[in-house]
Amino acid sequence: MSEARPPPTEAQADSILIEAESSFEAGLIDGARGLYREASSFFTRLVEVAPDEARLGLYLAKASYCDFMVAYCEAMKLKEDIDRAIMSGGMADPRDVSRLKLLVRLADKCLKESVLRLERLREKADEEVRKRMDELVGMIGKKVEPFVDFRDEVEVLA
């Protein structure tokens, strides 16, 4: 019998999220995607040991943000592959275009979920949780406009 893994600490999860953000900003999309996926898993596991409702909400909001970024990274990579095929004189596989649109819708849903969780959390949060919420809001703020532009670009694909 294997023992259950102990839940990660909030500091571990935040560290992975920061590393994912750095990778994304450096254009290392594949690496960022893996780190966001790991961070999402860590935040989801932290929900089990959340000391209060505010922390639980914060962990869920961060997990949703990470899920948004996983889908966004996958969509960016797929769009790059589609663009490369078109630029080399080929055609885009309709299945890839459908998958790209699905990834963008998934990313949009996860982003909205994260923002909604933060809005609900605002009144329950103490000063420490508010500070961590503000950090997440900052991360979201950096991604919204580029994502919306990307989403609009993908929506018009045939």
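**Exercise 1.** With which residue does Lys124 form a salt bridge, and how far apart are the closest N and O atoms?

*Solution.* The model is a predicted one, in which local features need pLDDT of at least 70 and side-chain atom pairs count only at pLDDT 80 or more, whereas totals for chains, interfaces and linings use all residues. Residues are numbered from 1 along each chain as its sequence is written, and side-chain values use heavy atoms, with hydrogens and water left out.

Step 1: apply the criterion for a salt bridge, namely a side-chain nitrogen of Lys or Arg within 4 Å of a carboxyl oxygen of Asp or Glu. The partner of Lys124 is Glu53, with the closest N and O atoms 2.8 Å apart.

Step 2: place the two residues, taking helices as DSSP runs (H or I, at least four residues) numbered from the N terminus. Lys124 lies in the loop between H4 and H5 and Glu53 in helix H3, so that this pair links distant parts of the chain, 71 residues apart.

Step 3: classify the accessibility, where buried means under 20% relative accessible area, exposed over 50% and partly exposed in between (1.4 Å probe, protein chains only). Lys124, at 43%, counts as partly exposed, while Glu53, at 52%, is exposed.

**Exercise 2.** Describe the salt bridge between Lys62 and Asp14 and its setting.

*Solution.* Step 1: the closest N and O atoms of Lys62 and Asp14 are 2.6 Å apart. Step 2: because Lys62 belongs to helix H3 and Asp14 to helix H1, the pair ties together parts that are 48 residues apart in sequence. Step 3: both Lys62 and Asp14 are buried, and they are linked with Glu10, Arg55, Glu128 and Arg132 in a network of salt bridges.

**Exercise 3.** Characterise the geometry of the aromatic pairs that Tyr65 forms with Tyr36 and with Phe68.

*Solution.* Step 1: rings of Phe, Tyr and Trp (its six-membered ring) pair if their centres lie within 6.5 Å, and planes under 30 degrees apart count as stacked, over 60 as edge-to-face and the rest as tilted. The structure holds 7 aromatic pairs.

Step 2: Tyr36 and Tyr65 are edge-to-face, at 6.3 Å centre to centre with 85 degrees between the planes. Since Tyr36 lies in helix H2 and Tyr65 in helix H3, this pair ties together parts that are 29 residues apart in sequence.

Step 3: Tyr65 and Phe68 are tilted, at 6.0 Å centre to centre with 50 degrees between the planes. These two residues, 3 apart in helix H3, are separated by about one helical turn.
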